[in-house]
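Here is a set of short exercises to work through with the model open beside you. Try each task first, then follow the solution step by step.

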There are 2 protein chains.
Amino acid sequence: MASIKDVAQRAGVSTTTVSRVLSTPEAVRAPLREQVERAIAELAYRPNLAARRLRQRRASLVGLIVSDIRSAFFTDVGRAVEDVAYRHGLRLILCNSDEDPAKEQSYLELMADEQASGVILSPTMAGLKQLRPQAWPFPLVLVDRAMDTTRADRVVLDNQAAARRATEHLLDNGYRRIALLAGTHSTTGQQRHAGYAEALAACGLAPQPLWMDPTREAGERATAALLAGTDRPDALLATNGLLLLGALQAVQAAGLHPPRDIGIAGFDNNDWTSLPALDVTTIAQPTYDIGRTAAELLLQRMQEPERPARQVVLEGALVVRGSSAGPGRR
Amino acid sequence: MASIKDVAQRAGVSTTTVSRVLSTPEAVRAPLREQVERAIAELAYRPNLAARRLRQRRASLVGLIVSDIRSAFFTDVGRAVEDVAYRHGLRLILCNSDEDPAKEQSYLELMADEQASGVILSPTMAGLKQLRPQAWPFPLVLVDRAMDTTRADRVVLDNQAAARRATEHLLDNGYRRIALLAGTHSTTGQQRHAGYAEALAACGLAPQPLWMDPTREAGERATAALLAGTDRPDALLATNGLLLLGALQAVQAAGLHPPRDIGIAGFDNNDWTSLPALDVTTIAQPTYDIGRTAAELLLQRMQEPERPARQVVLEGALVVRGSSAGPGRR
DNA sequence: TTGAAAGCGTTACCAA
DNA sequence: TTGGTAACGCTTTCAA
């Protein structure tokens, strides 16, 4: 591997000059610069990142730690972050905490060890509770999940409003006994519950929330139990895509047909929800905007570490499809 | 940040000894070692990875470059790779090439710049064609996609056999005019086509392959055109999950009901395929095994760089569901 | 505008 | 078994 020394030798200049051509080319006179650039090309020189980091005590690298890499939500967010980061000469490292606080912690430590310039994090519930953003040697931006008390920049959906709108939509279409499948382990589940409860309260109706692990299996079990019970709901709202999938599974297994037998709506506009045979009403999140905003907040904080923390709230879009068209409708 | 010097000073030993405690503790006598360990704990010392890399000229880091991070296939593979890597003290960096050869190339360069110990790659078609595994400064293991001529370790599905089995299953259930939705841009599509053609040839039937971008939209368009045409097939086989989704979209939009009006089967046992309202026959890939095997091949090659390249072929499982039960069946 | 030299934190070599 | 010292490749003073 050619080093900066080899380049300097070949170009007949000092290593300082080569370094300058790499970082601030305009500070080197044209003829010399071209000489150096030629040597770089001829030797196929690539700077050693480890050496650069050691010297600069900072890596041109941002981390994105997500709780579930499988969800379309986070991959879209990741794409947006990468786009912004790349334009600013920053590399992105993607980490999947898999909803495991220990893994999350371990990745944060990895980022510290790697001297990352910044980290964007969608924390687990446990991780969020004990999170001390100031304790990390890099700026931290939270996405998707955050508490009002957290002193860090954050980008979140207006979960409460989105859930309220979805619930109102079900109410408008004639459903009255609306059950909520809500995920524990996340602030989003709680906020979505709040919006749901709010909409029902405005109509003087009783909420029927069910709390569970945010998995397909839990959603299926809870829904099956609900449908087998005496006080059967006439509509279901699921607070994320996996719970929605589980709910559909149970509804279909019970031989029920939305929207007639039961209304269905849920968060996350996953690709399969638009299949005509399912045609599920969903809340679509502005995933790309969320990621882009998070990356921009991070870059700003990197430049201005002392500015006060900001929260950006984005809106979800209700995608109305057939599954919530109203009881008795085909 | 405390450095190894601070630890040495506090423990009253040389930096060499501290370094040894970190890498080969058994080479340091117990009392001294404990002294050092105490100092490390008290100072909350963390080794500087950049310095370590600069010195060792190797990062304890493996890269996984996938063509589509969204697919369950690659996230499962990633989890398996991470498990194995973690057990061997290696960090995993996940990169998404998004089927873009330029991005793939750029990530390979990133891995070289980072002095990665090894890389696992699912190459794009263009990337595979011009891939020179020996040209990279790290061992390379291919997953999912590879050519027989590629001189690198590789782990692949027996795509041809899997496609043959799926086709035979459709034939066994009475379908005769079976169309194939195959993705260009990948060797898997071609191999799956071969198995499909083989099964049809054995029955003296004509293949009806359609080549397209491996996207939902392309699958939908192609299927819609197929269904609107004169020589309408009585079954469809899709070579990946997105094409399957697109095919279902078009079939349902046309008001057709599998398995009666048309048989459906496809690769990738995605979570939504088991919904009762869809109940799609699929080929499930042993994703975790694929990832684990790839990681193991990589570790072996890191230890023994000169061993000849090996190919590991794993089998897919046909998951029979209702969508292929036979024409005229409900 | 250019160059010399120091130093980032670690490990590897050699000597004790 | 332990320690001194050089070196990894780069950037950043500082001086010319």
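Helices (H or I, at least four residues) and strands (E, at least two) are DSSP runs, numbered from the N terminus. This is a predicted model, in which local features need pLDDT of at least 70, side-chain atom pairs count only at pLDDT 80 or more, and totals for chains, interfaces and linings use all residues. Residues are numbered from 1 along each chain as its sequence is written, chains are lettered from A and ligands numbered from 1 in the order in which they are written, and side-chain values use heavy atoms, with hydrogens and water left out.

**Exercise 1. Find the helix that gives the most to the surface near DNA strand C.**

Step 1. Start with what counts as near: a residue is near a strand if one of its heavy atoms lies within 4 Å of it. DNA strand C has 25 residues around it, and the closest are A:Thr17, A:Arg57, B:Ile4, B:Tyr45 and B:Arg55.

Step 2. Look at the helices. On chain A, α2 (15-23) and α4 each supply at least two residues of this surface, and so do α2 (15-23) and α4 (49-56) on chain B. The winner is α4(B), with five residues.

Step 3. Sort the surface by class. Ala, Val, Leu, Ile, Met, Phe, Trp, Tyr, Cys and Pro count as nonpolar, Asp, Glu, Lys and Arg as charged, and the others, Gly among them, as polar. That gives ten nonpolar, eight polar and seven charged residues.

**Exercise 2. Which parts of DNA strand C do A:Arg20, B:Arg52 and B:Arg55 reach?**

Step 1. Use the polar contact rule: a pair of N or O atoms within 3.5 Å; within protein, one must be able to donate a hydrogen and the other to accept it, and residues adjacent in sequence count only if both atoms are side-chain atoms.

Step 2. Take the bases. The side chain of A:Arg20 has an N or O atom 2.8 Å from a base nitrogen of DNA strand C, while B:Arg55 has a side-chain N or O atom 2.6 Å from a base oxygen.

Step 3. Now the backbone of the strand: B:Arg52 places a polar side-chain atom 2.9 Å from a phosphate oxygen. Of the atoms of DNA strand C within 4 Å of the protein, 59% belong to sugar or phosphate and the rest to bases.

**Exercise 3. Describe the surroundings of DNA strand D.**

Step 1. There are 23 residues around DNA strand D, and A:Ile4, A:Tyr45, A:Arg55, B:Thr17 and B:Arg57 come nearest. Here α4(A) gives the most, with four residues.

Step 2. Check the threonines. A side-chain N or O atom of A:Thr16 is 3.3 Å from a base oxygen of DNA strand D, and B:Thr16 has one 2.9 Å from a base oxygen. For B:Thr17 the partner is a phosphate oxygen, at 2.3 Å.

Step 3. By class, the surface has nine nonpolar, eight polar and six charged residues.

**Exercise 4. How many residues does each chain bring to the contact between chain A and chain B?**

Step 1. Contact means heavy atoms within 4.5 Å. Chain A brings 42 residues and chain B brings 42.

Step 2. Add the area. Buried area is the accessible area (1.4 Å probe) that two parts lose on being put together, summed over both. The two chains bury about 4100 Å² between them, 51% of it on carbon and sulfur atoms. A:Arg70, A:Asp113 and A:Leu275 supply 15% of the area that chain A buries against chain B, more than any other three residues.

Step 3. Count the salt bridges (a side-chain nitrogen of Lys or Arg within 4 Å of a carboxyl oxygen of Asp or Glu). Ten of them cross the interface. One pairs B:Arg53 with A:Glu114 at 2.7 Å, N to O.

Step 4. Another salt bridge links A:Arg46 and B:Glu109 at 3.6 Å, N to O. This pair joins two chains, because A:Arg46 lies in the loop between α3 (30-43) and α4 of chain A and B:Glu109 in helix α6 (residues 101-113) of chain B.

**Exercise 5. Where in chain B does B:Pro259 lie?**

Step 1. B:Pro259 is in the loop between α11 (241-253) and β9 (263-267). The peptide bond from B:Pro258 to B:Pro259 is cis, with omega near -5°.

Step 2. Compare that with the usual picture: most residues other than glycine have a negative phi, and most peptide bonds are trans.

Step 3. Finish with phi. B:Arg57 is not a glycine, yet has a positive phi of about 60°; B:Arg57 lies in the loop between α4 and β1 (61-66) of chain B.
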